[in-house]
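I opened a fresh notebook page for this model. I wanted the fold first, then the interior, then the surface.

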Amino acid sequence: RATPRSGLFTSYYRLYRQNSYELENDIVFLGDTLKKGLLAEGFFNTDVFSIGYLLSILKEENAFFGAYFNLFLINVQAGVRSEVFDFDESTGLLAPLPNFGLVAMFKLKNWVSLAGGVGIFFLNTQGLNGNFLDVNASVTFTPLRWLGINVGYYLFDVNAGWPVEQFRAYANYNYSGPSFGLTFSF
């Protein structure tokens with residue numbers, strides 16, 4: 001906290017996905033033709049770091065409600081690898097994007113609280129377009145005054161398009177499922 005009503009709000013997400021498959025048809029990827037029958041591994045990796053300003057709208061002993069403005073640094077990588085044919089091609093996007101959101105917390109006991117948040121952003125420029133949605137709900141256990149261990153449910157939805165050579169690359173990614181995290185309060 002910089003003041004009693006404001007402070008920094010940071011987060012980091014790492015969502016990596018991969019799948020092995022055999023190509024059923026020839027496909028062209030970044031100027032190379034991948035032949036039918038190729039044993040390949042496709043991957044889609046997302047790293048998101050955000051830092052921003054958090055304003056306390058309501059701060060009571062057992063409840064908190066705040067709004068934030070963050071700058072997300074998003075690194076998205078997608079590609080295809082095949083060790084058999086010595087093929088490894090990928091494309092990616094590294095973009096700083098703003099994000100706006102709300103967070104809330106309600107303390108049930110001194111050592112357990114419920115929390116949640118929602119963040120959203122839309123962009124439509126000549127080079128880059130897309131949106132992402134960041135929604136979470138969790139239960140936080142606080143063994144130490146400054147440390148929280150949380151388990152919950154998370155929804156992270158990314159839809160983006162950007163130019164790659166003469167093509168347009170698209171990232172449509174949706175993660176929804178359980179989450180685990182640590183919260184540090186100062």
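**Fold.** I read the order of elements from the N terminus: β-β-β-β-β-β-β-β-β-β. The count is 0 helices and 10 strands. I note here that the model is predicted.

**Overall dimensions.** I looked up the radius of gyration and found 20 Å, where a compact globule of 186 residues would have a value near 16 Å. Along the principal axes, the C-alpha atoms fill a box of roughly 65 × 35 × 20 Å. I then took the contacts between residues at least 6 apart in sequence; 55% of them join residues at least 24 apart.

**Burial and surface.** I found that 37% of the 186 residues count as buried. The accessible surface is about 11,600 Å², and carbon and sulfur atoms hold 60% of that.

**Main core.** Which residues touch the most other members of the largest nonpolar core? I got Ile74, Leu97, Phe132 and Phe156, out of 18 residues in that core. I then listed the elements that give two or more residues to it: strand 1 (6–22), strand 4 (39–59), strand 5 (63–82), strand 6 (87–109), strand 9 (147–164) and strand 10 (167–184). There is also a second, separate core of 6 residues, with Leu34, Leu38, Ala40 and Val80 among them. For context, I recall that nonpolar side chains tend to be buried together in soluble globular proteins.

**Phe132.** I pulled the contacts of Phe132, leaving out residues up to four places away in sequence. Phe72, Ile74, Leu97 and Pro98 are among them. So are Asn99, Gly119, Ile120 and Phe121. Asp157 and Val158 complete the list.

**Nonpolar patch.** Next I went to the surface. A nonpolar patch of about 910 Å² is made by Trp111, Phe141, Leu144, Trp146, Ile149, Val151, Phe180, Leu182 and Phe184. Strand 8 (129–144), strand 9 and strand 10 each give two or more residues to the patch. The largest share, 3 residues, comes from strand 10.

**Ile149.** I picked one patch member, Ile149, which lies in strand 9. Its relative accessible area is 31%, so Ile149 is partly exposed.

**Asn172.** Is Asn172 buried or exposed? I found 57% relative accessibility; the cut-off for exposed is over 50%, so Asn172 counts as exposed. Asn172 is found in strand 10. Beyond four places in sequence, Asn172 touches Val158, Asn159 and Ala160. I also checked Asn172 against Glu24, 148 residues apart along the chain: their C-alpha atoms are separated by 22 Å.

Technical notes. Residues numbered from 1 in each chain as written. Predicted model: local features only at pLDDT ≥ 70, side-chain atom pairs only at ≥ 80, totals over all residues. Heavy atoms only, no water. Core = buried A, V, L, I, M, F, W, Y, C linked by side-chain atoms within 4.5 Å. Buried < 20%, exposed > 50% of the residue type's maximum accessible area, 1.4 Å probe, protein only. Helix = DSSP H or I, 4+ residues; strand = E, 2+ residues; numbered from the N terminus. Contact = heavy atoms within 4.5 Å. Patch = residues over 30% accessible without salt bridge, like charges linked within 9 Å, V, L, I, M, F, W, Y side chains within 5 Å. Areas by Shrake-Rupley, 256 points an atom, 1.4 Å probe, with all protein chains shown as cover. Salt bridge = Lys/Arg side-chain N within 4 Å of Asp/Glu carboxyl O. Rg over C-alpha atoms; globule rule 2.2 N^0.38 Å.
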